[in-house]
Amino acid sequence: MSRAYGWNAQLLIAEESEYGVLPDSGYRQIPFISSSLDSEQSLVSSNVLGLGRDPTQPFQDVINVDGDMAIPIDFRNIGVWLRAIFGAPTTTNEETVYTHTFESGKTSIPSYSLEIGLPEVPQYIRFSGVRANSIAFNFARSGEAQATINLMAQGESGSETTIESSAEVYAYTRVSQFQGYIKSGGELLANITSASATYSNNLEKIETIRNDGKVEAIDLGVASLTGSISAKYADNILLDKARAGTPVDIELGYQLSDSMKLVISCHEVYLPKPKRSIDGPGGIECSYDFQGAKEQDLGKMMTVTLVNDVESY
């Protein structure tokens, strides 16, 4: 009997034309790092009395299908996830270089079907009615560049065969943390040790009464942008803006070349006034846990620009 291994797991994804209905074709195989997406069904203890001291059998509760998926920052495949988070981009091109612009605040986002294949068992786990709740970017000095997607789904099923054996594959391009940068006001920020930004759709599960235990739908809530910037205390540039309640713009990005880059623009960010804790003889560090808001002139809170050689998403 074969055992399933992560190194041989395969992830397929396709946009749904009808919510919760698995497409027959059009799947794309994309890389991932880890996944906790799966269904969970709890047991509810029985409260029946009069049948003795030992309890009667428990009964099944509703089915919840959600989880996180860690993905590499890959300049081609990440466009699939950005479309899931923000909706369809605006795309322009110059020769073979395509610029895909994703914007926050859209009133609708697509739903997807996913299949995680474990061929050794064999088991191909299929998720329908999947919507992307949030995406979290983390910047550090070293290590692998990756993001975390939080997903919610309507249902889960399984099969012993894959739904599509010849799925399309984008060429994979790996990005490292040392290729990242952080700017404010168009200038590189100095003394930054780490940073993060999380955009969330704050999805709401519509939990109606139905006999299959599934949710009726997953709807959009009020979007949010949160994150943090940790910096060695060397000047009062950010601190003065935090004290005054003055918003700043923050740009985070990864770049291999002018034709391969990812730019995350947070247009209006508010910084709290942090403590300057002295924990020992080393450098003093300040951590700003920021919140984003819609920039009135632009009419949006966040823009993500992806430049690559992919024609459309």
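Visitor: How many cavities of 30 Å³ or more are there in this one?
Guide: The count comes to one. Keep in mind that this is a predicted model.

Visitor: OK, and what volume does the largest cavity have?
Guide: About 40 Å³.

Visitor: Which residues line it?
Guide: The lining of the largest cavity is made up of P31, I71, P72, D74, N77, I78 and W81. Two elements, β5 (59–72) and α1 (78–86), each give two or more residues to that lining.

Visitor: How do those lining residues divide into nonpolar, polar and charged?
Guide: Five are nonpolar, one is polar and one is charged.

Visitor: Switching to the largest nonpolar core: which residues touch the most other members?
Guide: That core has 62 residues, and W81, L82, L114, F137 and L262 are the ones that touch the most other members. W81 also turns up in the cavity lining.

Visitor: What does L82 touch, leaving out residues up to four places away in sequence?
Guide: L82 touches G87, F102, I135, F137, L262, V304 and L306. F137 and L262 are also on the list of core residues with the most contacts to other members.

Visitor: New topic. How many disulfides does the structure hold?
Guide: Zero.

Visitor: Why is there no bond for C266?
Guide: Because the closest cysteine sulfur, in C286, is 20 Å from the sulfur of C266, and that's too far. A disulfide would need the two sulfurs within 2.5 Å. Coming from the other side, C286 is in no disulfide either, with the sulfur of C266 as its nearest one.

Visitor: Is C266 buried or exposed?
Guide: Buried, because its relative accessibility is 1%.

Visitor: And C286, buried or exposed?
Guide: C286 is buried too, with a relative accessible area of 2%.

Conventions: Residues numbered from 1 in each chain as written. Predicted model: local features only at pLDDT ≥ 70, side-chain atom pairs only at ≥ 80, totals over all residues. Heavy atoms only, no water. Buried < 20%, exposed > 50% of the residue type's maximum accessible area, 1.4 Å probe, protein only. Core = buried A, V, L, I, M, F, W, Y, C linked by side-chain atoms within 4.5 Å. Contact = heavy atoms within 4.5 Å. 1 Å grid on protein atoms, 1.4 Å probe; cavity = no way out; pocket = protein on both sides within 12 Å on 5 of 7 lines; lining within 4 Å. Points joined across faces, edges and corners; volume = space filled by probe spheres on them. Helix = DSSP H or I, 4+ residues; strand = E, 2+ residues; numbered from the N terminus. Nonpolar A, V, L, I, M, F, W, Y, C, P; charged D, E, K, R; others polar.
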